[in-house]
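Q: Please take a close look at a single part of this model, the side of one domain that touches the other, and set it in its surroundings.

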Amino acid sequence: MANLKVHGVSLSPFVRKVLFALAYKEQPYDQVNVFPGDTSDEFAAISPLNKIPVLEDDGFTIPDSSIILRYLEAKFPEKPLYPADPQQQARACWLEEYADTKLTECCAGLFRERFLARAFFKREPDEALIKTILTETLPPVLDYLESVVQAEGFFLGDHLTVADLGVTSAFCAASYGDFQPDAKSHPKLAGYVARAMESPIVVERMAEEQKAAASLGVSSQ
Ligand SMILES: N[C@@H](CCC(=O)N[C@@H](CS)C(=O)NCC(=O)O)C(=O)O
């Protein structure tokens, strides 16, 4: 049994971000399937904002995916996720934050309406909301990412950073909503997302998610 435990379901973009980091750092873990919105006293005690994920390490608990990534970096510094250069590090953290907020808002909306609506909530998708995301909310976000992503390699160039984990996790959510950036309008970003989705850690995680979703009764079939 692993000392590390991740509380949260795999389909959450923030849980996925942490699971990417654990896979990259080759750390075994156990997972406790806590759903978003868990209001139990037990969960509130380890997650004061009632959000997933929470990381548990031998009895120590810490919430929030970005803080968890910093903890993992401090505890397992091999294969760093943060550039040593202060400006590159700040950029990586900013892009992680941008992905966690603005990008995830759009991608999680597509995931919820195009996948979860029927598969989990047993309702019809909100087509008006999907249209607003695709035509109004998401395009400027894609424009911004296109202006900062590198044409080759990882998001910031030669090394994988927390920016990659945040951005890729959000686009994994969007992929459930059949969305990926268009190579005509956003060629660098489309190339980056295609490379990221083919990387072994992402391929393996998405395969695990299919199994996790089936076991949680979430299925598009
Ligand atoms: N900043 C947090 C955000 C976590 C978050 O919003 N998690 C969602 C699930 S994807 C959640 O638990 N929502 C429940 C709620 O807001 O009540 C992080 O990075 O971990």
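A: What follows describes the two domains, their contact and the ligand shell. The model is predicted, so local features are given only at pLDDT of at least 70 and side-chain atom pairs count only at pLDDT 80 or more, whereas totals for chains, interfaces and linings use all residues. Residues are numbered from 1 along each chain as its sequence is written.

The chain is divided into domain 1 (4-75) and domain 2 (86-215), with bounds that come from an automatic or database domain assignment, and the C-alpha centres of the two domains lie 20 Å apart. Their contact (C-beta atoms, placed from the backbone, within 7 Å) takes 12 residues from domain 1 and 20 residues from domain 2. On the side of domain 1 that touches domain 2, the elements giving two or more residues are α1 and α3, and α1 gives the most, with 8 residues; helices here are DSSP runs of H or I with at least four residues, numbered from the N terminus. This side divides into 8 nonpolar, 2 polar and 2 charged residues, where Ala, Val, Leu, Ile, Met, Phe, Trp, Tyr, Cys and Pro count as nonpolar, Asp, Glu, Lys and Arg as charged, and the others, Gly among them, as polar.

Helices α1 (13-24) and α3 (65-75) also each supply at least two residues of the shell around the ligand. Of the 13 residues around the ligand (C-beta atom, placed from the backbone, within 6 Å of it), Ser 12, Phe 14, Pro 36, Lys 51 and Ser 65 come nearest, and by class the shell has 5 nonpolar, 5 polar and 3 charged residues.

Terms used: Contact = placed C-beta atoms within 7 Å.
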